[in-house]
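This briefing introduces one protein chain to a reader who is new to structural description. Please keep the sequence and the structure in view while reading.

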Amino acid sequence: MDDRQLLRYSRHLLLDEIGVDAQQRLLESTALVVGAGGLGCPAALYLASAGMGRIVLADADTVDLTNLQRQILHRESSVGWPKVESARRSLAEINSTIEIVALAQRLAGDALEDAVARSTVVLDCCDNFETRHAVNRACVKARVPLVSGAAIRFDGQLAAFDARQASSPCYHCLFPEGQETEEVRCATMGVFAPLTGIVGTMQAAEALKIAGGFAAPMIGRLLLIDSRTMELQSIRLARDPHCAVCGAPGAA
Ligand SMILES: [Zn+2]
């Protein structure tokens, strides 16, 4: 780190848990953020300000007026832009010293596997089960940690998985594919604006802890957030030995 970086990140360097070594690890890390919407915006904001060295944003959508209620990287002036371009512009204004890669596509197949395999940590900030399961499969296959978030109405969820740990469940252990109740999306159900900020910033916190190698990431736990009452519930998750994704070698 040069003098400006030492100054920029000085409030991290003052923390015993972080210090120069962990900050340096963050600067050398890559975070893949799948989705540049309600969760991806606040998550990417803190990853950028905190010095994640490389942030890859993937989203195929463009900004529309209904996004501005919660997707805080986007501006009135960026309505109609690809979300990843709008997000990149905002993030670059906050931290011009990191690398921000904008992928204006819905990552799938080989492109998804490739992006995951090149990442230190993945943040699932998307809004549909198909992508969530595809991201999870790619993370299990490449043994890359995954921080998963969800927010709908007033209810939030946060969970972290690490396929490098034998005891860690995966997203599929928790939500087996095909057993989802109908897809609920903000577009039809509504969502409380700051809840997306709460969950997204928690995702950033977990991703920074994982990439920096400090504190205790919440691997194998599910946090349920009721933003009506601000009651939090933490549930310990067990790995499903019969999970089709992580349960048997080669099953992924
Ligand atoms: Zn599993």
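The points below treat the chain as a whole, then selected elements, and finally its charged residues.

The structure is a predicted model. The secondary structure of the chain comes to 10 helices and 8 strands. Of the 252 residues in the chain, 48% are buried.

**Overall dimensions**

- The radius of gyration of the chain is 17 Å, which agrees with the value near 18 Å that a compact globule of 252 residues would have.
- Taken along the principal axes, the C-alpha atoms of the chain fill a box of roughly 50 × 40 × 40 Å.

**Helix H4 and the residue after it**

- Helix H4 covers residues 40–50, and 8 of its 11 residues are buried, so this helix is largely enclosed by the rest of the structure.
- The buried residues of H4 include four alanines, namely Ala43, Ala44, Ala48 and Ala50.
- Gly40, Cys41, Pro42 and Leu47 also belong to the buried residues of H4.
- Glycine 51 follows just after H4 and takes a positive phi of about 95°.

**Threonine 30 in strand S1**

- Strand S1 spans residues 30–34 and contains threonine 30.
- Threonine 30 counts as buried because its relative accessibility is 10%, and the cut-off for buried residues is under 20%.
- Threonine 30 and alanine 187 are 157 residues apart in sequence, and their C-alpha atoms are 30 Å apart in space.

**Salt bridges**

- Side chains of opposite charge can pair when their charged atoms come close.
- A search of the whole structure finds 11 salt bridges.
- One of them joins glutamate 113 and lysine 141, with the closest N and O atoms 3.1 Å apart.
- This pair links distant parts of the chain: glutamate 113 lies in helix H6 (residues 109–117) and lysine 141 in helix H7 (residues 129–142), 28 residues apart.
- Glutamate 113 counts as partly exposed at 33% relative accessibility, whereas lysine 141 counts as exposed at 53%.
- Aspartate 114 forms a salt bridge with arginine 118, and the closest N and O atoms are 3.1 Å apart.
- In this pair, aspartate 114 counts as partly exposed at 40% relative accessibility, while arginine 118 counts as exposed at 59%.
- Glutamate 206 forms a salt bridge with lysine 209, the closest N and O atoms being 2.8 Å apart.
- Glutamate 206 and lysine 209 are separated by about one helical turn, because they are 3 residues apart in helix H10 (residues 193–212).
- Glutamate 206 counts as buried at 7% relative accessibility, and lysine 209 is buried with a relative accessible area of 16%.
- A network of salt bridges links Asp155, Asp226 and Arg228.

**A negative surface patch**

- Asp61, Asp64, Asp127 and Glu183 form a negative surface patch.
- Within this patch, aspartate 64 lies in the loop between strand S2 (54–58) and helix H5 (83–94).
- Aspartate 64 has 35% relative accessibility and therefore counts as partly exposed.

Technical notes: Residues numbered from 1 in each chain as written. Predicted model: local features only at pLDDT ≥ 70, side-chain atom pairs only at ≥ 80, totals over all residues. Heavy atoms only, no water. Patch = residues over 30% accessible without salt bridge, like charges linked within 9 Å, V, L, I, M, F, W, Y side chains within 5 Å. Areas by Shrake-Rupley, 256 points an atom, 1.4 Å probe, with all protein chains shown as cover. Salt bridge = Lys/Arg side-chain N within 4 Å of Asp/Glu carboxyl O. Lys, Arg positive; Asp, Glu negative; His and termini not counted. Charge placed at Lys NZ, Arg CZ, Asp CG, Glu CD. Helix = DSSP H or I, 4+ residues; strand = E, 2+ residues; numbered from the N terminus. Buried < 20%, exposed > 50% of the residue type's maximum accessible area, 1.4 Å probe, protein only. Rg over C-alpha atoms; globule rule 2.2 N^0.38 Å.
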